[in-house]
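Student: Could you walk me through this one? I'd like to start with the strands and then see where we end up.

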Amino acid sequence: MNMPFVSLSPEITRANALTLMTWLEDEDVTRYLSDSHDVSRSIEQVIERVQLPILTHLFNQGGRFFMVYDQHDVSVGFVRLVKRGRDCEMVLVIGDRGNWGRKLGASAIREGMKIAFFETRAERVIAKIHRDNARSLNAFLHSGFLLDRETAAMKSLVMNAARYLQLLRKHPAVHAADIYITEIDKARLRNLIDFELGPDIFELEHEIERAIVVDARKVTDDVVTMNSRALLHVNDEAMEIALVYPEEADDRSGKLSVFSGIGTAILGYREGDVFNWRMPGHTCRIRIGKVLYQPEAAGHFHL
């Protein structure tokens, strides 16, 4: 499915809270939200009581709250994830009616599942949706969720971890090109991930899982593999970098760790690929200009 780029940001600002208030005043937006009045009142109380620019900790009480941004860094909705035992319940709202019908909801669902399965390690993601909310039902069903149970008023849809990984590997590309990883790189990166405690490591794990695995002897020489050097264009700014393992990273000499934002982003892409990637506070546009050196093409294979 061809879906637009969106990203989920865990930082909730005072401006975000005011935007949320505006959305929750629209009856079409809140029609199927069972707790919309309580949520709206809670946000209003937070704004009146707390004079802080960042309100993230207040929105994460009882769950995790994310603003949904489009490729232009405009907030278009929110996602809430509530972990209950091994399950994670997802609530999704696209707040501006002008954005309905653009498949932003489906993209946000994919991003929400990434966090639920790779970061919070949920075994199942559940969405409880009013049976008359056809738009949300279609978005979750088209994302691979299955009907679990239903009542006269609600339908409970579910995605388990095994099915999620199967779909991710079968249909990996959402808003960007396929990516490729060698068997050797995948094995070593998996071992490193097991010992890494960084907050964004789940992004790398997701990329590894969605990548097409290729034999190191057969990978084409225009793919960014580990220890490759490449010319990038990040928001039209040219930079020459080497993609390295964390212990070899040195930003001053252009050696970017695969655990870094841009390092994770470019792994597996090919010359000419252009895609969006969310960095802290903004979305950047990345183009792989040229792979200047690739160890596999040079006959260098390292276990």
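Tutor: Let us begin with strand β6 (residues 146-150), which is joined to β7 by four bridges, the two strands running antiparallel. Please keep in mind that this is a predicted model.

Student: Okay, and what joins β6 to β7 along the chain?

Tutor: The connection is a hairpin, which passes from β6 to β7 through three residues. To see one bridge of this pairing in the structure, look for E150, whose partner in β7 is K155.

Student: Which other strand does β7 pair with?

Tutor: Strand β7 (residues 154-160) also pairs with strand β5 (residues 124-130), again in the antiparallel sense, and here there are seven bridges. In that pairing, R124 stands opposite N160 of β7.

Student: Back to β6 for a sec: is D148 buried, exposed or partly exposed?

Tutor: D148, which is found in strand β6, counts as partly exposed, because its relative accessibility is 33%, and that value falls between the 20% limit for buried and the 50% limit for exposed.

Student: And what does D148 touch?

Tutor: If we leave aside its neighbours within four places in sequence, D148 is in contact with R124, S156, L157 and V158. In addition, the side chain of D148 makes a polar contact, at 3.4 Å, with the side chain of R149.

Student: New topic, the rings. How many aromatic pairs are there?

Tutor: A search of the whole structure finds six aromatic pairs. One of them is F59 with F65, and this pair is tilted because the ring planes meet at 55°, with the centres 5.1 Å apart. Ring pairs also link F59 and F65 with F78 into a cluster.

Student: Are F59 and F65 buried or exposed?

Tutor: F59 is buried, with a relative accessible area of 9%, and F65 is buried too, at 7%.

Student: What about F117 and Y164, how are those rings arranged?

Tutor: F117 and Y164 form a stacked pair, with 4.7 Å from centre to centre and 25° between the planes. This pair links distant parts of the chain, since F117 lies in helix α5 (residues 104-119) and Y164 in helix α7 (residues 161-170), 47 residues apart.

Student: Last one: which residues of helix α8 are buried?

Tutor: In α8 (residues 183-193), the buried residues are D185, K186, L189 and I193. Seen down the helix axis they fall within an arc of 95°, so they line one face of α8, and they pack against β8 (180-182), α9 (201-210) and β9 (212-214).

Methods: Residues are numbered from 1 along each chain as its sequence is written. This is a predicted model: local features need pLDDT of at least 70, side-chain atom pairs count only at pLDDT 80 or more; totals for chains, interfaces and linings use all residues. Side-chain values use heavy atoms; hydrogens and water are left out. Buried means under 20% relative accessible area, exposed over 50%, partly exposed in between (1.4 Å probe, protein chains only). The arc is that of the directions from the helix axis to the C-beta atoms. Contact means heavy atoms within 4.5 Å. Two strands pair if DSSP finds at least two bridges between them. A polar contact is a pair of N or O atoms within 3.5 Å; within protein, one must be able to donate a hydrogen and the other to accept it, and residues adjacent in sequence count only if both atoms are side-chain atoms. Rings of Phe, Tyr and Trp (its six-membered ring) pair if their centres lie within 6.5 Å; planes under 30 degrees apart count as stacked, over 60 as edge-to-face and the rest as tilted.
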